[in-house]
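This report works through one protein model, taking a surface feature before the overall form and the charged contacts. Please keep the structure in view while reading.

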Amino acid sequence: MIPFPQIDIRQQFGRIGIDADLGHYEIHQSKATLDIQTTPSQYEVSSPLGELYVDQDRAWSALNGGKLSEFSNRIYSQMDGILLQAIAKIVQDGNRMAALNVPGNPLADIAFEKAFQPQPSIEYMGEASYDNVDIEYIPHKPEIQFIEGKLNIQSQVNKPDINYVRGKLNIYMDQYPKLDITPPVIDTKL
């Protein structure tokens, strides 16, 4: 039997090559912009002056008699006592002269006593003392006021910068399809 000639058919499939990279996002966002304004706190301190009172009336009274009214009153207030002493002395001297039974000369004795007798002293100056000046000091408390400071914060959000970077997509023919048909060899010598 003679072999039947056969056609040899060889097929090669096409192959597509794909080279792909995924795309990606690039996101950048600047920090928020802050505007900060501060007003510092303050203390206001005012210190009123203290008050100093100096009373020198007793010192001036001891040095020069003081005010005229005080000077006059001091002399006037002593006159009653001096007057009464003078009247008492006159009465005493009159009684001595009236006593006839007393030996001696009462007129000569009284005249001698009067010549050497100290006159009554009138205190027209005030009393001298180391503590004649009165000093009084009244301090005043400081006035303190606190003024509270302020803080003002303004924030501004910056928008993000979003950038999309495309991926790569490359489609190519890795292998072309092919069909090889080989005819049979026919023996023509028959």
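In this predicted model, Ile16, Ile18, Leu169, Ile171, Met173 and Tyr176 make a nonpolar surface patch of about 680 Å². Two strands, S2 (15-20) and S11 (169-175), each supply at least two residues of this patch, and the largest share, three residues, comes from S11. One of the patch residues, Ile171, has its place in strand S11; its relative accessibility is 53%, and because exposed means over 50%, Ile171 counts as exposed.

Turning from the patch to the whole chain, the protein has three helices and 12 strands. Its radius of gyration is 70 Å, whereas the globule rule gives 16 Å for 190 residues, so the protein is more spread out than a compact globule. The box that the C-alpha atoms fill, taken along the principal axes, is roughly 225 × 25 × 20 Å. How much of the protein counts as buried? Of its 190 residues, 7% fall into that class, and the area that the protein exposes is about 17200 Å², with carbon and sulfur atoms supplying 58% of it. As for contacts between residues at least 6 apart in sequence, 92% of them join residues at least 24 apart.

The charged side chains can be taken next. The structure holds 10 salt bridges, and the table lists three of them with the distance between N and O atoms.

| Salt bridge | N to O distance |
|---|---|
| Asp8 and Arg10 | 3.5 Å |
| Asp19 and Lys168 | 3.4 Å |
| Asp21 and Lys168 | 3.9 Å |

In the pair of Asp8 and Arg10, whose closest N and O atoms are 3.5 Å apart, Asp8 is partly exposed, with a relative accessible area of 33%, while Arg10 is exposed, with a relative accessible area of 54%.

Which parts of the chain does the salt bridge between Asp19 and Lys168 link? The side chains of Asp19 and Lys168 meet at 3.4 Å, N to O, and the pair links distant parts of the chain, since Asp19 lies in strand S2 and Lys168 in the loop between strand S10 (161-165) and S11, 149 residues apart. Asp19 is partly exposed at a relative accessible area of 31%, and Lys168, at 43% relative accessibility, also counts as partly exposed.

Lys168 forms a salt bridge with Asp21 too, with the closest N and O atoms 3.9 Å apart. This pair likewise links distant parts of the chain, with Asp21 in the loop between S2 and strand S3 (24-28) and Lys168 in the loop between S10 and S11, 147 residues apart. Asp21 is partly exposed, its relative accessible area being 42%. Elsewhere, salt bridges that share partners join Lys89, Asp93, Arg96, Glu113 and Lys114 into one network.

Strands S2 and S11 therefore return in both parts of this account: each supplies at least two residues of the nonpolar patch, and Asp19 in strand S2 pairs with Lys168 in the loop between S10 and S11.

Notes. Residues are numbered from 1 along each chain as its sequence is written. This is a predicted model: local features need pLDDT of at least 70, side-chain atom pairs count only at pLDDT 80 or more; totals for chains, interfaces and linings use all residues. Side-chain values use heavy atoms; hydrogens and water are left out. Patches are made of residues with over 30% relative accessible area and no salt bridge: like charges are joined within 9 Å, nonpolar side chains (Val, Leu, Ile, Met, Phe, Trp, Tyr) within 5 Å. Accessible areas come from the Shrake-Rupley method with a 1.4 Å probe; for residues, only the protein chains shown count as cover. A salt bridge is a side-chain nitrogen of Lys or Arg within 4 Å of a carboxyl oxygen of Asp or Glu. Helices (H or I, at least four residues) and strands (E, at least two) are DSSP runs, numbered from the N terminus. Buried means under 20% relative accessible area, exposed over 50%, partly exposed in between (1.4 Å probe, protein chains only). The radius of gyration is taken over C-alpha atoms; the globule rule is 2.2 Å times the number of residues to the power 0.38. Contact means heavy atoms within 4.5 Å.
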